[in-house]
Amino acid sequence: MTEPAAQILDGKALAARLCQRLQSAVATLKGEYGQQPGLAVVLVGDDPASEVYVRNKGLQTTAVGMLSFAHRLPADTSEAALLKLVRELNQDDRVHGILVQLPLPPQIGQPAVIAAIDPAKDVDGFHEVNAGRLMTGATVRALVPCTAQGCVMLIKEHRGGNLAGLEAVVLGRSNIVGKPVAHLLLEENCTVTVAHSRTRDVAEVCRRADILVAAVGRPYLVQGSWIMPGATVIDVGINRVIDDAGKARLVGDVDFASACRVAGAITPVPGGVGPMTIACLLRNTVVAACRQRNIEMAAL
Ligand SMILES: NC(=O)c1ccc[n+]([C@@H]2O[C@H](COP(=O)([O-])OP(=O)(O)OC[C@H]3O[C@@H](n4cnc5c(N)ncnc54)[C@H](OP(=O)(O)O)[C@@H]3O)[C@@H](O)[C@H]2O)c1
């Protein structure tokens with residue numbers, strides 16, 4: 001008997017298409033308006049995973065033709081010193097987007113740093129002004145958190161533009177992923193349930209989802225038996241596990257093998273949401289540059 005196999009939603013390919021559109025938008029901004037969008041990324045400390053993220057962001061920023069500014073600060077940097085750098089970047093006309101890589105060392109208060117970023121340059125979308133715009137439905141004026149944007153683009157790529165009336169369940173309620181995904185899906189007229197560590201019978205809640213987004217950080221939490229046949233499953237989780245052969249590898253929050261037999265479509269880890277996150281960061285930087293210079297651009 002042939003087993004039903006879910007369609008694999010290729011985040012790498014979708015991200016590559018978005019980056020192509022960004023590249024031509026950047027060329028237009030340079031050629032017709034004399035503007036080259038610039039993204040500043042600040043890394044405090046020497047966490048190897050964060051270092052890899054920052055390097056990749058820099059490479060992809062220049063690949064689409066934008067300016068990339070990397071600021072690497074020692075792990076013992078004070079909050080005052082970081083805030084001073086953020087204020088300088090707020091004033092720098094070459095910089096249209098600012099991203100401070102999280103997490104920060106314990107002596108630095110994350111909320112104070114996020115609050116110090118000019119909301120117009122807040123390409124992570126974590127500032128209260130941008131979070132507030134998203135929550136109040138003023139999404140067109142917000143800079144929307146990148147991973148959440150990427151999730152919804154993947155869903156619409158598969159389901160088409162109209163998600164109205166679909167049941168969406170978002171597992172996880174972080175400010176970075178869960179809540180913004182839930183707000184975006186609400187904007188798309190889905191019926192949204194947000195589940196978290198205190199939710200009773202999470203499996204039963206998940207089973208009613210036409211769209212299931214897992215953003216938890218627990219390897220293999222979501223089993224095939226939690227999924228409604230034909231559902232679209234977006235796996236945001238990135239978890240490092242040691243496999244049976246003793247090798248480290250990355251897995252999501254969804255048990256891919258069992259989920260594949262039930263879902264209609266599913267994102268792989270890696271190669272699903274991850275590439276979309278970086279592409280949406282670049283998109284936010286282009287959007288921010290256009291808004292700061294009052295330039296009207298076709299939707300990206
Ligand atoms: N692909 C990407 O680009 C990307 C970007 C960002 C994050 N991620 C990954 O996505 C995952 C989530 O990230 P995050 O920053 O949102 O994490 P987080 O801040 O730790 O939030 C995790 C959420 O999951 C909930 N949760 C924990 N255990 C649960 C359970 N057993 N059942 C249901 N909900 C449970 C928590 O509930 P409570 O609120 O009740 O504690 C919390 O709301 C991580 O693996 C992270 O590495 C990937």
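Trainee: Let's start with helix α1: which of its residues are buried?

Mentor: In this predicted model, the buried residues of α1 are Gly11, Leu14, Ala15, Leu18, Leu22, Ala25, Val26 and Leu29. What earns them that word is a count of 20 or more other C-beta atoms within 10 Å. They pack against α6 (146–159) and α10.

Trainee: How do you know that the length of α1 agrees with what a helix should span?

Mentor: Take the 23 residues of α1, running from 11 to 33, at 1.5 Å a residue. The expected span uses one less than the number of residues, and that gives 33 Å. The C-alpha atoms at its ends are 31 Å apart, so the two values agree. Right after α1 comes glycine 34, with a positive phi near 65°.

Trainee: On to the strands. What makes β5 count as largely enclosed?

Mentor: Strand β5 covers residues 167–171, and four of those five residues are buried, so the rest of the structure largely encloses it.

Trainee: And how do you know which strands pair with β5?

Mentor: Two strands need at least two bridges to count as a pair. β5 has five bridges to β6 (residues 191–195), and those two run parallel. On the β6 side, glutamate 167 is partnered with threonine 191, and leucine 171 with alanine 195. β5 also has four bridges to β7 (residues 211–214), again running parallel. There, valine 169 stands opposite leucine 212. Both bridge counts clear the cut-off, so both count as pairs.

Trainee: What makes β5, α7 and β6 a unit with a handedness?

Mentor: Picture the strands pointing away from you: if the path from the first strand over the helix to the second runs clockwise, the crossover is called right-handed. β5, helix α7 (residues 178–187) and β6 form a β-α-β unit of that right-handed kind.

Trainee: Why are β1 and β6 called edge strands?

Mentor: Look at the order in the open, six-stranded sheet, which goes β1-β11-β8-β7-β5-β6 with parallel pairing. β1 (7–8) and β6 each have a single partner strand, so one side of each has no neighbour in the sheet.

Trainee: What makes a set of residues a nonpolar core here, and which residues have the most contacts inside it?

Mentor: The members must be buried, must come from a list of nonpolar residue types, and must be joined through C-beta atoms within 7 Å. The largest such core has 92 residues, and those with the most contacts inside it are Cys151, Val170, Val181, Leu212, Val213, Ala259 and Ala263. Helix α10 (residues 273–292) contributes the most, with 11 residues.

Trainee: How do you know where this core lies relative to the domains?

Mentor: Domain 1 (35–123) and domain 2 (145–273) each supply residues to the core, so it lies between them. Those bounds come from the protein's domain assignment. The C-alpha centres of the two domains are 28 Å apart.

Trainee: Leu212 was on that list. What is it in contact with, apart from its neighbours within four places in sequence?

Mentor: Leucine 212 is in contact with Val169, Cys206, Ile227, Ala231 and Val233.

Trainee: Now leucine 73. Is it buried, exposed or partly exposed, and how do you know?

Mentor: Leucine 73 has 17 other C-beta atoms within 10 Å. Buried takes 20 or more and exposed takes 12 or fewer, so leucine 73 is partly exposed. This residue is in strand β3 (residues 67–73). Leaving out neighbours within four places in sequence, leucine 73 is in contact with Val42, Val44 and Leu82.

Trainee: What makes aspartate 201 and asparagine 294 worth a look?

Mentor: Each has a positive phi without being a glycine: near 50° for aspartate 201 and near 55° for asparagine 294. Aspartate 201 is in the loop between β6 and α8 (202–206), while asparagine 294 is in the segment after α10.

Trainee: Are those two buried or exposed, and how do you know?

Mentor: The cut-off for exposed is 12 or fewer. Aspartate 201 has 9 C-beta neighbours inside 10 Å, so it counts as exposed. Asparagine 294 has 6, so it counts as exposed too.

Trainee: Last one: which peptide bonds are cis, and what is omega there?

Mentor: One joins leucine 102 and proline 103, with omega about 0°. Proline 103 is in the loop between β4 (97–100) and α4 (110–116). Another runs from valine 269 to proline 270, with omega near 0°. Proline 270 is in the loop between β11 (265–266) and α10.

Terms used: Residues are numbered from 1 along each chain as its sequence is written. This is a predicted model: local features need pLDDT of at least 70, side-chain atom pairs count only at pLDDT 80 or more; totals for chains, interfaces and linings use all residues. Domain bounds come from an automatic or database domain assignment. Two residues are in contact if their C-beta atoms, placed from the backbone, lie within 7 Å.
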